[in-house]
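Colleague: Can you walk me through the empty spaces in this one, and say how each label is earned?

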Amino acid sequence: LSEADAAAELAAALREAAAAGSSDARRVAAFRAGGMAKGAGAGAARAAEVRGALAGMFASKKAPGAREAAACAFEALVRGLGWAFEVDALELFPALVSAQGDTDKDARKAALKAGKVFFSKASAPCAKLAFPMLLEGLVAKQWRTKEGCLKLMKDIAKAAPSQLEQSLPAVMPTMMEAVADTHDKVHAAAVAAMPGVCGVVQNAETQTLMEVFVNALTVPDKATDVCLDRLMEVTFVNSIDSPSLALMVPVMLRGLRDRNQVVMKQSCQAATNILNLCLDSAAVAPFAPPLVYELQKAAESDSPDVREVSVKALDALQVGLGDIKASEVEAKAAEAQRSIAAHAAEAVQSWGLEPALAAHVARLAASFEGTARLSPVSTALQAALKPIAKSVGVETPALTQLCVEVEKMVRDAQGSPASNVQPDVN
């Protein structure tokens, strides 16, 4: 078949899926479309205007069958086209997140499965780009949307653990809200997701306390004081990083809000010890506002002991922050992302990629901003970009050169030593 004929058949299969009278028929038609796309290639999918077709199906308010078919087709195209569907998949992902709360049971089921398949197949940087959209679902009004997105969290932990780890400072406040949700199913889904979410932290000492953290974060009324005790007992050999703080700070905040002055004192002491082990002011900055607020309240406590230890904790926080502010960290990160994206976009100009795919490469490269110092950047980015480069005949040395340059830009933005960066490729 010519590309035009293949596109016509693909579009017809999608229409058939939307109009089918049963879930089985919708899934069969959707997967036939996915098979056609795999055989004919991404060009036929673009010619068939698949993105627009699926967007319309997701938005069919009066046709739950069409919404179910859209999710099935999304899954089928992810399976069939792989990396070649990532650009469209990211554009459609907000609709898939909303579909987690669909009023139709079959549509919800299809959307959940499609989300799981997406995270299992997507490259790690692509998964990271989808992650903020999933967080939007965690604060949605519909409880079903929250529940479905929480179920997907476990799959993200498996598909993109390093990306999730670096996003934990943004994730944990939302997870804690979900744990405290008044709807039983949302609460249960958050509790079930918490071990996988916490488990992505790689700090060795934090890992030894993982079970204690999970208990404190999911049943804070019963386990906060135990977790604080353990935090005081552990000897940290490694410096405390931002992902570790993402687990520790909610426990400290819960202790500072406790009416029991013994627990408040424990929290202040734990905060002092932990903050003294933080060598990176940028890691501390995101947690400063809530800590300052609660520690200042503790400094006005009726208990002289609480007042004394809270002042010490505030001093440790100030030392940990230095002159840096959270807003400055965010601005620096945004500037680093723009610089990396611009560099990648310029580097791939000679690759002959379509504009949308070239922009996607730039976004994938920029997503590595903030990657932990000991985590690989060059090799991970190369794994994500290799099929794209191969599709247009770009040789491995050119791809490697770009990935090494991106890693150097990531490390330079962090101010890390040159020894962490692979040497330039000539």
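Modeller: Let's start with the lining of the largest cavity: its residues divide into five nonpolar, one polar and two charged. This is a predicted model, where local features need pLDDT of at least 70 and side-chain atom pairs 80 or more, while totals for chains, interfaces and linings use all residues. Residues are numbered from 1 along each chain, and side-chain values use heavy atoms, without hydrogens and water.

Colleague: What makes one residue of that lining polar and two charged?

Modeller: The lining consists of Val78, Gly82, Phe85, Glu86, Ala89, Phe118, Lys121 and Ala122. Ala, Val, Leu, Ile, Met, Phe, Trp, Tyr, Cys and Pro count as nonpolar, Asp, Glu, Lys and Arg as charged, and the others, Gly among them, as polar. So Gly82 is the polar one, and Glu86 and Lys121 are the charged ones.

Colleague: Why is that space called a cavity, while another is a pocket?

Modeller: On a 1 Å grid over the protein atoms alone, a cavity is a set of points where a 1.4 Å probe fits but cannot get out; a pocket is open, with protein on both sides within 12 Å along at least five of seven lines, and lining residues have an atom within 4 Å of a point. The largest cavity has a volume of about 40 Å³, that is, the space filled by probe spheres set on points joined across faces, edges and corners. The largest pocket holds about 1800 Å³, and its lining has 49 residues, with Gln166, Ser242, Gly370, Thr371 and Gln414 nearest the centre.

Colleague: Which helix gives the most to the pocket lining?

Modeller: Helix 20, with nine residues. Helices here are DSSP runs (H or I, at least four residues), numbered from the N terminus.

Colleague: Back to the largest cavity: which helices each supply at least two residues of its lining?

Modeller: Helix 6 (86-99) and helix 7 (105-121). Their axes come within 9 Å and cross at roughly 140°.

Colleague: What makes helix 6 oblique to helix 7?

Modeller: That angle does. Under 35 degrees is roughly parallel, over 145 roughly antiparallel, 65 to 115 roughly perpendicular and the rest oblique; angles run from 0 to 180 degrees between N-to-C directions, with axes fitted to C-alpha atoms over the stretch in contact. Roughly 140° falls in the rest, so the pair is oblique.

Colleague: How do you know that the second largest cavity has a fully nonpolar lining?

Modeller: The lining is Leu245, Val249, Met252, Leu275, Val284, Phe287, Leu291 and Leu317. The count is eight nonpolar, no polar and no charged.
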